[in-house]
Amino acid sequence: MEIYEFPLQATTSLASDYIAGTFPMDAGFAYDVRAEDVFAKRLSDLSRRTYPRQRLVDHLLSYHQALQASERTMANIQKLLNPSSVVVIGGQQTGLLTGPLYTIYKMMSIIQLAKEQEEQLGVPVVPVFWMAGEDHDIAEVDHVYVVDQGKIKKHTYPHAVREKRMVAQLPIDRQICIEWIQQVIETYGETETTDKLLHFLENCVEQANTFVDFFAQIVLRLFASEGLVVVNAADESLRVVESEFFASLIERYSEVTEAVIYQQKRLEELGYRKTLDIHPRSANLFYYDGKERLLLEAEENGEYFRSKKNEIVWKKEELLQMAKRSPHQLSNNVVTRPLMQEFLFPTLAFIAGPGEIAYWAELKEAFSLFGYAMPPVVPRFNITLVERSIDTDLREVGMTVFDVLQGQIEQAKSEWYARQVQYPLDEMIARAKEEIEEIHRPLREIGGEIDRGLTDVLAKNAAFIQSQIDFLHQTLHRSIERKYEVELRKFARIEMSLFPNQAPQERVWNIFYYINKYGFDFVERLMNVKYKWNGLHKIVYL
């Protein structure tokens, strides 16, 4: 594998500026990740904090034993008992088959930074992946994209859940899921790896009861030799460890909300649009009854909390008792999840995607409320995989990967097409339609004078003649396209591979297409590529 790099705009202006180094760091972040001593400084700051290490390790050991995690992972969990140990952490929703490629890239980023910093700092650095199992937007995780008859198709797992149930409690029907997997893998084509891949995934399903279980089984096996540790954010035994901080979030809900709104205004003054939609009375917590996850808001006096549609109402004291006695009924939202993560883990660095960079900048003052400094926010690796055949297509049509990722493929195809077609066909057709209309109009006028009842017939006749010219136009274009079919297919293949659905490859395609094609050691070989922490987009040639 060979790697090349170039700068590419992120999805938000704040993330673009942050990655480029032009964002004023102190305006939204506690550390400057460009500073050489940033992690040494963070390690020193963490040494002044205490964490629920024993309870957290007890939970993680129990959770990973049930998943039959690797010895390396179990050893990494034990490292967290060392008071000098820290973690590199990041997270994502638990998509089926791990979801889009960027989820895998985030794990790779976590593992690589953890390795590097363990060597440089001389302390245990554990790679941790936060599985956002408490999320209830099932439509974001219940599918993968495949190519079906030359078109991109969303292949959705057939479930019947209608409630806002947490993904961690979304059950998997093993037989249905295995059939769904077989359908997905079939679209990839049969290779020497296919049978092994199907066996691997079917075995993961057999060991899973929920979407999150299935996700965890896959990633713990893919990264077994790296000792990746996962956290199921919705696990009830983890909630017990979080109980104390839930109470703090309830007590200080208004301060948290005010801190976020204040920070949003500060960023807006710098020209950045806010990312988080936060209500002035938001409690930034959900109540969960086992089927529905309801966002809580406080009444003006702060003594009562209710859901938006008033399905439930709790006194503040009742919520505090809930945090103490049944914390599994509470869960975090996008604002409090990072705070809870900071409460639990001695976080050396947080690995973030472009969207996360933007909204974490709005949380700086919320971290400060609890005496926390937001951890260094490190952009994850952004990667585009270029297969050899696609590289050949690019060369033959005179394009680069950068051109494609800049959304220039349609323009390039149009320009190429114009160079091949030496006839001003579109102009000739347009002129012919105008001339025919000039000839036909007087005939319609005369016909209307002769018999007003002919008006509709004459109009239809004019439309029919114009439609025949359109038909001729389409016929000639199809003939030209057939003539240049081989070349035009190259543009289609390039777009399908590198910029599907007008989006970066890493946001659409799934890792198992590449594993099926290139072998089960594909992720390991991808991990062995030397990536630099420079914010540049990585082009990996396979």
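Which backbone nitrogen does a side-chain oxygen of asparagine 510 reach at the start of α21? The partner is the backbone nitrogen of phenylalanine 512, which the oxygen approaches to within 2.8 Å. The model is predicted, and its protein chain comprises 22 helices and 15 strands. Of the 542 residues in the protein chain, 53% count as buried.

**Overall dimensions and contacts**

- The C-alpha trace of the protein chain spans about 95 × 60 × 50 Å along its principal axes.
- Considering contacts in the protein chain between residues at least 6 apart in sequence, 75% connect residues that are at least 24 apart.

**The parallel sheet**

- An open sheet is built from five strands in the order β6-β3-β2-β12-β13, with parallel pairing.
- Its edge strands are β6 (229-232) and β13 (377-379), each of which pairs on one side only.
- From one strand to the next, the twist averages 30°.
- Three bridges join β12 (residues 347-352) to β13 in the parallel sense.
- Alanine 352 has proline 379, in β13, as its bridge partner.
- Helix α5 (residues 101-121) packs on this sheet and touches β2 (86-92), β3 (125-131), β12 and β13. The direction of α5 makes about 160° with that of β3.

**Helix α21 and its surroundings**

- Helix α21 covers residues 511-518, and its buried residues are Ile511, Phe512, Tyr514, Ile515 and Asn516.
- The cover over these buried residues includes α5, α6 (174-188), α7 (194-206), α8 (211-222), β14 (383-386) and α22 (522-527). Helix α5 thus appears in two settings, since it also packs on the sheet.
- Just after α21, glycine 519 adopts a positive phi of about 110°.

**The loop between α20 and α21**

- Asparagine 501 lies in the loop between α20 (485-498) and α21. Its phi is near 55°, a positive value in a residue other than glycine.
- Asparagine 501 counts as partly exposed because its relative accessibility is 46%, and the partly exposed class lies between 20% and 50%.
- Glutamine 502 is found in the loop between α20 and α21, and has a positive phi of about 55° although it is not a glycine.
- With a relative accessible area of 48%, glutamine 502 is partly exposed.

**Aromatic pairs and clusters**

- The whole structure contains 25 aromatic pairs.
- One of these pairs is formed by tyrosine 4 and tyrosine 541 in an edge-to-face arrangement, at 5.5 Å centre to centre and with 85° between the planes.
- Tyrosine 4 belongs to strand β1 (residues 2-6) and tyrosine 541 to strand β15 (residues 537-541), so this pair ties together parts that are 537 residues apart in sequence.
- Tyrosine 4 has a relative accessible area of 47% and is partly exposed.
- A cluster linked by ring pairs consists of Tyr188, Tyr513, Tyr514, Tyr518 and Phe522. Among its members, Tyr514 is also one of the buried residues of α21.

**Arginine over aromatic rings**

- Arginine 252 is placed over the face of phenylalanine 370, at 5.2 Å from the ring centre.
- Arginine 293 is placed over the face of phenylalanine 286, at 3.8 Å from the ring centre.

Definitions and conventions
Residues numbered from 1 in each chain as written. Predicted model: local features only at pLDDT ≥ 70, side-chain atom pairs only at ≥ 80, totals over all residues. Heavy atoms only, no water. Pairing = 2+ DSSP bridges. Helix = DSSP H or I, 4+ residues; strand = E, 2+ residues; numbered from the N terminus. Axes fitted to C-alpha atoms, helices over the stretch in contact; angles between N-to-C directions. Contact = heavy atoms within 4.5 Å. Phe/Tyr/Trp six-rings, centres within 6.5 Å; stacked < 30°, edge-to-face > 60°. Buried < 20%, exposed > 50% of the residue type's maximum accessible area, 1.4 Å probe, protein only. Lys NZ or Arg CZ within 6 Å of the ring centre and 35° of its normal. Polar contact = N/O pair within 3.5 Å; in protein donor to acceptor, adjacent residues only side chain to side chain.
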